[in-house]
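This report introduces a single protein chain to a reader who has not met it before. Please keep the sequence and the structure in view while reading.

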Amino acid sequence: MTAVYKSLDAGDLVQGTNVKSYVLSEEDQTLQSMDEITDAMLTENEPVNAGTKMIIVDTDFMMDFLDWAEENTILVSGESILDYALSTGVTCSSFEYQGYYASIETIESYYQANMDMLDATKFRELFFKQGPIITRPHDGAPSYFSKESEVSKSHLATNCDVYGKVFSSILFRNTFVGEKAHVEDSILMSNVTVEDKATVKNAILDKNVIVKAGVSIIGDANCPLVIKKDAIISEDLKA
């Protein structure tokens with residue numbers, strides 16, 4: 001069995017994080033325990049081996065664990081598997097992951113992790129360095145950009161229509177940005193419509209949101225505005 005961890009400074013994690021610190025043997029780097037990361041550790045920015053909740057385990061052990069978990073009504077997770085291994089004396093090796101890592105536990109950390117994907121180095125670390133991440137395909141037409149549109153440092157999925165400006169943002173499938181509209185530092189999920197002359201900055205728009213013409217949604221980089229699914233925004237919103 002092998003547990004995967006990431007060496008980092010505790011200050012990179014959020015207050016009250018549920019990430020565990022893997023305590024490793026100095027002799028052979030086997031896993032000895034999984035400790036809570038305290039607020040004091042965050043404040044002091046102590047180095048930690050942050051658990052990723054990813055493990056490599058053989059089939060026989062996994063079947064034994066599943067039988068035990070069912071008998072004891074235990075939720076199956078990476079941590080519960082490791083707890084079981086440690087409690088039964090199974091030797092657990094460790095592997096240090098050295099690519100991009102983010103613990104998404106708050107709206108702010110979700111937003112920052114997405115914005116990190118606009119950094120080419122971090123994007124390649126996550127998606128290309130060790131092999132592709134394959135998800136369910138959604139085939140669609142290439143996105144359309146009008147002659148008047150301006151787009152830079154952004155990721156756009158298929159079937160988008162862009163007539164305005166999109167800077168440092170992530171647009172999911174089937175999003176629409178109207179003429180003279182401005183989208184910046186934002187995440188627009190599937191089927192979002194930003195009508196003509198509307199502005200969206202530092203915001204997360206859930207599916208099917210409509211921002212009416214001329215309306216502004218202005219959040220803060222440290223506290224992005226979140227617009228719930230299916231909302232129609234017809235008045236200005238500011239953080």
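## The largest pocket

The largest pocket of this chain encloses a volume of about 720 Å³. Its lining comprises 21 residues, and those closest to the centre of the pocket are Phe127, Thr135, Ala157, Ile170 and Phe172. By residue class, the lining of the largest pocket divides into twelve nonpolar, six polar and three charged residues. Helix H5 and strands S8 and S11 each supply at least two residues of this lining. H5 gives the most, with three residues. The model described here is a predicted one.

## The chain as a whole

The chain has 239 residues, of which 38% are buried. Its secondary structure comes to five helices and 22 strands. Taken along the principal axes, the box filled by the C-alpha atoms is roughly 65 × 40 × 35 Å. The chain exposes about 13700 Å², and 49% of that area is supplied by carbon and sulfur atoms. Among contacts between residues at least 6 apart in sequence, 35% join residues at least 24 apart.

## A hairpin and two parallel sheets

Strand S2, residues 20-24, and strand S3, residues 31-36, pair in the antiparallel sense over five bridges. One of the residues involved is Ser21, whose bridge partner in S3 is Asp35. S2 and S3 form a hairpin with six residues between them, and in the turn Gln29 has a positive phi of about 65°.

Further along the chain, two open sheets can be described. Six strands, in the order S6-S9-S12-S15-S18-S21, form an open sheet with parallel pairing. At its edges are strand S6 (144-145) and strand S21 (232-233), each of which pairs on one side only. S6 is joined in the parallel sense to strand S9, residues 161-162, over two bridges. Within this pairing, Phe145 stands opposite Val162 in S9.

Another open sheet consists of five strands in the order S8-S11-S14-S17-S20, and here too the pairing is parallel. Its edge strands are strand S8 (155-156) and strand S20 (225-227), each pairing on one side only. Strand S14, residues 187-188, runs parallel to strand S17, residues 203-205, and two bridges join them. Leu188 has Leu205 in S17 as its bridge partner.

## A helix against the five-strand sheet

Helix H4 covers residues 107-116, and its buried residues are Ser109, Tyr111, Ala113, Asn114, Met115 and Asp116. These buried residues pack against helix H5 (120-127), strand S11 (170-171), S14 and S17. H5 and S11 are also among the elements that supply residues to the lining of the largest pocket.

## Residues in the loops

Three loop residues are set out below by their location and relative accessible area.

| Residue | Loop | Relative accessible area |
|---|---|---|
| Lys153 | between S7 and S8 | 56% |
| Asn159 | between S8 and S9 | 29% |
| Val192 | between S14 and S15 | 0% |

How does Lys153 count, as buried or exposed? Lys153 counts as exposed because its relative accessibility of 56% is over the 50% cut-off. This residue lies in the loop between strand S7 (150-152) and S8. Its phi is near 45°, a positive value in a residue other than glycine.

Asn159 follows in the loop between S8 and S9. Phi of Asn159 is near 65°, again a positive value in a residue other than glycine. With a relative accessible area of 29%, Asn159 is partly exposed.

Val192 is found in the loop between S14 and strand S15 (193-194). Is Val192 buried or exposed? Val192 is buried, because its relative accessible area of 0% is under the 20% cut-off. Which residues does Val192 touch, not counting those up to four places away in sequence? They are Asn174, Thr175, Phe176, Leu205, Asp206, Asn208 and Val209. Among them, Leu205 is the bridge partner of Leu188. The C-alpha atoms of Val192 and Val162 are separated by 12 Å, and the two residues are 30 residues apart along the chain. Val162 is the residue of S9 that stands opposite Phe145.

Terms used
Residues numbered from 1 in each chain as written. Predicted model: local features only at pLDDT ≥ 70, side-chain atom pairs only at ≥ 80, totals over all residues. Heavy atoms only, no water. Pairing = 2+ DSSP bridges. Helix = DSSP H or I, 4+ residues; strand = E, 2+ residues; numbered from the N terminus. Buried < 20%, exposed > 50% of the residue type's maximum accessible area, 1.4 Å probe, protein only. Contact = heavy atoms within 4.5 Å. 1 Å grid on protein atoms, 1.4 Å probe; cavity = no way out; pocket = protein on both sides within 12 Å on 5 of 7 lines; lining within 4 Å. Points joined across faces, edges and corners; volume = space filled by probe spheres on them. Nonpolar A, V, L, I, M, F, W, Y, C, P; charged D, E, K, R; others polar. Areas by Shrake-Rupley, 256 points an atom, 1.4 Å probe, with all protein chains shown as cover.
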